[in-house]
Amino acid sequence: MKKIDLRSDTVTQPTDDMRKAMAAAEVGDDVFGEDPSVNRLQERMAGLLGKEQALFVASGTMGNLVSILTHTRPGDEVILEAQSHPFHYEFAGAAAFGGVQFFPVPGNHGILDAEDVAPAIRPDDGHHSPTRLICLENTHNRGGGKVYPLEKIERIRALAEQHHLVMHMDGARLFNATVATGIPPADYCAPFDSVSVCLSKGLGCPVGSVIAGPADWVKEARRFRKRLGGGMRQAGILAAAGLYALDHHIDQLAEDHRRAKQLANALSQIPLFEFTPSSVETNIIVLPIHDPETTPAEVVSKLQNEGVLCVPFGPREIRLVTHLGITDGDVARVIEIFNKLFAGQT
Ligand code: TLP
């Protein structure tokens, strides 16, 4: 039985053409700054994101960590959304390696307004650790792939400037946001001092993320990357996958979004999972389970027995993610299996 893997957009296999591009990559020692493929990827990403320079890093987690370490000093406070990836899934790296404290603020499906952020900014007095950085996530993973409205980001930026704070975007899925809205990546990144973008999610690369910001900031970030053991050598083999993905895999994200919406429309008709399908804006579906007797683990296990993989995503939810490896036929099959297993259940 063919498995249909909707656990994450991280599960993609590199395509044959991507593997060919990797095999043919020109490489050098990147700790010496001599890997032509890494340098090309960094220059290209800096241009796309509208920043002076960019730096290839091993993962999205490393991208956020290096960025936070570069922006802060031990004892600083970072404002981020309460469901954000660094707060939930990054093993408290900023606290463990940087002595940084998080101030998590609940948003609406992961999206914060300036009015939510303002009360979390510490007064400059003898009682509080200084707020230094605001991190926003676009698209928001635990928010169900929500796209950040640019006006909200710009209002938060104005607030940050009033308080002399810097801003970082966890743009693990930034290209999903740009494809969904038509907003160019550089416009989305302009209100931020730094950004982190993953190549290993919807873009379908096996490994890698890129962070970007001002040249002096990237110089410092390069030191933190090395300190964390992230100075890679002939990393051009990986960067070549990134360059290939920028050419071939950005536009297809629209197909992932179309398939996620089709799936959401069908699943929302099953009473057990009823929800507003228009809330699905990109490639992530967070599906609520209404029956208190049915656990996410049970739903996941029943689906797994039929060859459909997804993950529990909270006490009452499961998550399904479309990606490069999911076809229209897969979506039709998943809908069929959901109906077979759950249509009669409320
Ligand atoms: N997210 C993964 C899991 O860790 C939850 C997933 O399957 O969605 N920022 C965001 C918004 C992310 O969703 C992720 C990965 C990361 C950062 C970290 O990227 P990696 O996995 O490359 O360290």
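A residue is called buried when its relative accessible area is under 20%, and exposed when that area is over 50%. The structure shown in these views is a predicted model.

**Figure 1. The two sides of helix α10 (residues 215-227)**. In this helix, Trp-217, Val-218, Ala-221, Phe-224 and Arg-225 are buried. These residues lie on the same side of α10, because the arc they cover around the axis is only 110°. An α-helix has 3.6 residues a turn, so residues three or four places apart point the same way. On the other side of α10, Asp-216, Lys-219 and Arg-227 are exposed. The elements against which the buried residues of α10 pack are the helices α2 (36-49) and α3 (60-71), together with the strands β2 (53-57), β7 (194-198) and β8 (209-213). The 13 residues of α10 reach 19 Å from the first C-alpha to the last, close to the 18 Å expected at 1.5 Å a residue. Gly-229 follows α10 and has a positive phi, near 85°.

**Figure 2. Surroundings of the ligand, with polar contacts from His-85, Asp-170 and Arg-173**. There are 15 residues around the ligand, and those that come nearest are Ser-8, Gly-60, Thr-61, His-85 and Asp-170. In the side chain of His-85, an N or O atom is 2.8 Å from an oxygen atom of the ligand. A nitrogen atom of the ligand lies 2.7 Å from a polar side-chain atom of Asp-170. For Arg-173, a polar side-chain atom is placed 2.8 Å from an oxygen atom of the ligand. On its own the ligand has 510 Å² of accessible area, of which the protein covers 83%.

**Figure 3. Leu-267 in helix α12 (residues 253-267)**. Leu-267 counts as buried because its relative accessibility is 0%, under the 20% limit. Leaving aside residues up to four places away in sequence, Leu-267 touches Phe-273, Leu-287, Leu-320 and Phe-338. Glu-336 is 69 residues from Leu-267 along the chain, and the C-alpha atoms of the two are separated by 9.9 Å.

**Figure 4. The buried side of helix α13 (residues 296-305)**. Pro-296, Val-299, Val-300 and Leu-303 are the buried residues shown here. They cover an arc of only 95° around the axis and are therefore on the same side of α13. The cover over these buried residues includes the strands β10 (308-309), β11 (311-312) and β12 (317-321), as well as helix α14 (328-342). Just after α13, Gly-307 has a positive phi of about 90°.

**Figure 5. Backbone geometry at Phe-91, His-109 and Thr-139**. Most residues other than glycine have a negative phi, and most peptide bonds are trans. Phe-91, although not a glycine, has a positive phi of about 55°. This residue is found in the loop between α4 (85-89) and α5 (93-98). Phe-91 is classed as exposed because its relative accessible area is 81%, over the 50% limit. His-109 likewise is not a glycine and has a positive phi, near 50°. The loop that holds His-109 runs between β4 (101-105) and α6 (114-117). With a relative accessibility of 47%, His-109 counts as partly exposed. The peptide bond from Asn-138 to Thr-139 is cis, and its omega is near -5°. Thr-139 is located in the loop between β5 (131-137) and α7 (150-162).

Technical notes: Residues numbered from 1 in each chain as written. Predicted model: local features only at pLDDT ≥ 70, side-chain atom pairs only at ≥ 80, totals over all residues. Heavy atoms only, no water. Helix = DSSP H or I, 4+ residues; strand = E, 2+ residues; numbered from the N terminus. Expected span 1.5 Å × (residues − 1). Buried < 20%, exposed > 50% of the residue type's maximum accessible area, 1.4 Å probe, protein only. Arc of directions from axis to C-beta. Contact = heavy atoms within 4.5 Å. Near = heavy atom within 4 Å. Polar contact = N/O pair within 3.5 Å; in protein donor to acceptor, adjacent residues only side chain to side chain. Areas by Shrake-Rupley, 256 points an atom, 1.4 Å probe, with all protein chains shown as cover.
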